[in-house]
Amino acid sequence: MTMIDLYLKAGNQSAMTEALKTAGFSQDPDSGALYHPDAALDVIGTIYQPTGETMVIEGELVPVTAPVPGYHVNVRTRLAAMATALDAQRTYPETPVRVWA
């Protein structure tokens, strides 16, 4: 069976947690960690992108970055039903910030 890589975005961490739990993830009551026996979860949180501006820090020219709106996670699964359940949060980035190896 083929792996399905999902790049997900929600308005905030709470909204993402609720979407993942609705899709079948469980949450550890002590640590708050989300898990599923048939999926891998990569929590990214906030993504930063270059603004096109630069600034000098300690003599080095570095790009200025700004946060991209939303809360981001990646999920890898074989479950088509999970992918369907998370479709509302799914994005299709041309160049993902992080990918599965």
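Start with the sheet: 4 strands make up an open sheet, ordered S4-S5-S1-S6, with antiparallel pairing. Strands here are DSSP E runs of at least two residues, numbered from the N terminus, and two of them pair if DSSP finds at least two bridges between them. Color the edges next: strand S4 (39-57) and strand S6 (90-91) each pair on one side only.

Before you click further, keep in mind that this is a predicted model, where local features need pLDDT of at least 70 and side-chain atom pairs count only at pLDDT 80 or more, while totals for chains, interfaces and linings use all residues. Residues are numbered from 1 along each chain as its sequence is written, and side-chain values use heavy atoms, with hydrogens and water left out.

**Stop one: strand S1**

Select residues 4-10, which are strand S1. On the S6 side, S1 pairs in the antiparallel sense over 2 bridges. Pick Leu8 and you'll find Arg90 of S6 standing opposite. Now turn to S5: S1 and S5 run antiparallel and are joined by 7 bridges. Lys9 is a good one to click here, with His72 in S5 opposite.

**Stop two: Thr51**

Jump over to strand S4 and select Thr51. Is Thr51 buried or exposed? Neither, quite: Thr51 counts as partly exposed because its relative accessibility is 41% (buried is under 20% relative accessible area, exposed over 50%, partly exposed in between, using a 1.4 Å probe and protein chains only).

Which residues does Thr51 touch, leaving out those up to four places away in sequence? Show Val64, Thr65 and Ala66; contact means heavy atoms within 4.5 Å. Draw a distance between the C-alpha atoms of Thr51 and Val64 and it should read 5.8 Å, though the two are 13 residues apart along the chain. One more distance to draw: a polar atom of the Thr51 side chain lies 3.2 Å from the backbone nitrogen of Glu53.

**Last stop: Glu58**

Move on to the loop between S4 and strand S5 (60-77), and select Glu58. Glu58 has a relative accessible area of 81%, so this residue is exposed. Check the backbone too: phi of Glu58 is near 50°, a positive value in a residue other than glycine. Most residues other than glycine have a negative phi.

Definitions and conventions:
Polar contact = N/O pair within 3.5 Å; in protein donor to acceptor, adjacent residues only side chain to side chain.
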